[in-house]
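Please open the structure in your viewer and keep the sequence beside it. The tour below moves from one selection to the next and says what is there.

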Amino acid sequence: GVRNRRYFDEVLDLEWRRARREGYILSLLLLDIDKFKLVNDKLGHLAGDECLAAVASKVDKMFHRPSDVVARYGGDEFAVILPYTSARNAAALAEQLKREVQGEIFIVDGRKLSINISIGVAEIMPDLKNTPRDLIGMADNRLYEAKAAYISKGAE
């Protein structure tokens with residue numbers, strides 16, 4: 001129910017050029033469903049697809065400004081492009097999304113499933129010295145840090 005990676009790449013490039021030309025910031029959320037492999041392993045790939053669709057729907061409902069873009073980034077990852085949004089505001093939105101996803105019981109293949117997500121948040125002012133890949137790389141690094149923090153909490 002959300003856009004695909006190709007659409008994400010195209011829109012990020014267009015939004016990047018517009019932000020550079022007009023001088024506004026871009027924020028990006030990269031989010032990943034924690035322990036998603038266990039959903040596929042325990043419940044099967046069809047249930048995994050249902051889980052992805054449920055999370056995609058939740059993310060898409062939250063980001064509804066005309067300029068916001070929600071897309072599947074790959075596997076169990078989603079991306080949200082947030083023009084005109086500071087990292088502080090993007091982080092607040094990410095926390096709200098995380099609480100909403102964690103607070104919901106999803107019905108997947110007739111079974112109740114609680115889901116946790118990790119989110120990486122990044123902001124950049126596009127200019128001639130950086131590229132969209134820089135923004136993606138920053139968000140990916142923050143996602144990795146969020147994942148590591150989640151795993152270390154679970155190990156306690």
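## A tour by selection

Begin with helix α1 (residues 5–22), where Glu-10 and Arg-6 are 4 residues apart and therefore separated by about one helical turn; helices here are DSSP runs of H or I with at least four residues, strands are runs of E with at least two, and both are numbered from the N terminus. Before going further, note that this is a predicted model, in which local features need pLDDT of at least 70 and side-chain atom pairs count only at pLDDT 80 or more, while totals for chains, interfaces and linings use all residues. Residues are numbered from 1 along each chain as its sequence is written, and side-chain values use heavy atoms, with hydrogens and water left out.

Staying with that pair, show the side chains: Glu-10 forms a salt bridge with Arg-6, and their closest N and O atoms are 3.4 Å apart. A salt bridge here is a side-chain nitrogen of Lys or Arg within 4 Å of a carboxyl oxygen of Asp or Glu, and by this rule the count comes to 9 salt bridges. Arg-6 is exposed, with a relative accessible area of 62%, whereas Glu-10 is partly exposed at 41% (buried means under 20% relative accessible area, exposed over 50%, and partly exposed in between, using a 1.4 Å probe and protein chains only).

Next, select strand β1 (residues 26–33), where 8 of the 8 residues are buried, so the strand is largely enclosed by the rest of the structure. Leu-26, Leu-28, Leu-30 and Asp-32 point one way from β1, while Ser-27, Leu-29, Leu-31 and Ile-33 point the other way.

Which strands pair with β1? Add strand β3 (residues 77–83), which pairs with β1 in the antiparallel sense over 7 bridges, and look for Leu-30 opposite Ala-79 in β3. Then add strand β6 (residues 117–124), which is also antiparallel to β1 and pairs with it over 8 bridges; here Ile-33 stands opposite Ile-117. Two strands count as paired if DSSP finds at least two bridges between them.

Now select Lys-147 and Asp-34, which form a salt bridge with their closest N and O atoms 2.4 Å apart. Lys-147 lies in helix α5 (residues 132–155) and Asp-34 in the loop between β1 and α2 (36–43), so the pair ties together parts that are 113 residues apart in sequence. Both Lys-147 and Asp-34 are buried, and adding Asp-32 to the selection shows a network of salt bridges linking Asp-32, Asp-34 and Lys-147.

Finish at helix α2, where Asp-41 and Lys-37 lie 4 residues apart, about one turn of the helix, and their side chains meet in a salt bridge of 2.7 Å, N to O.
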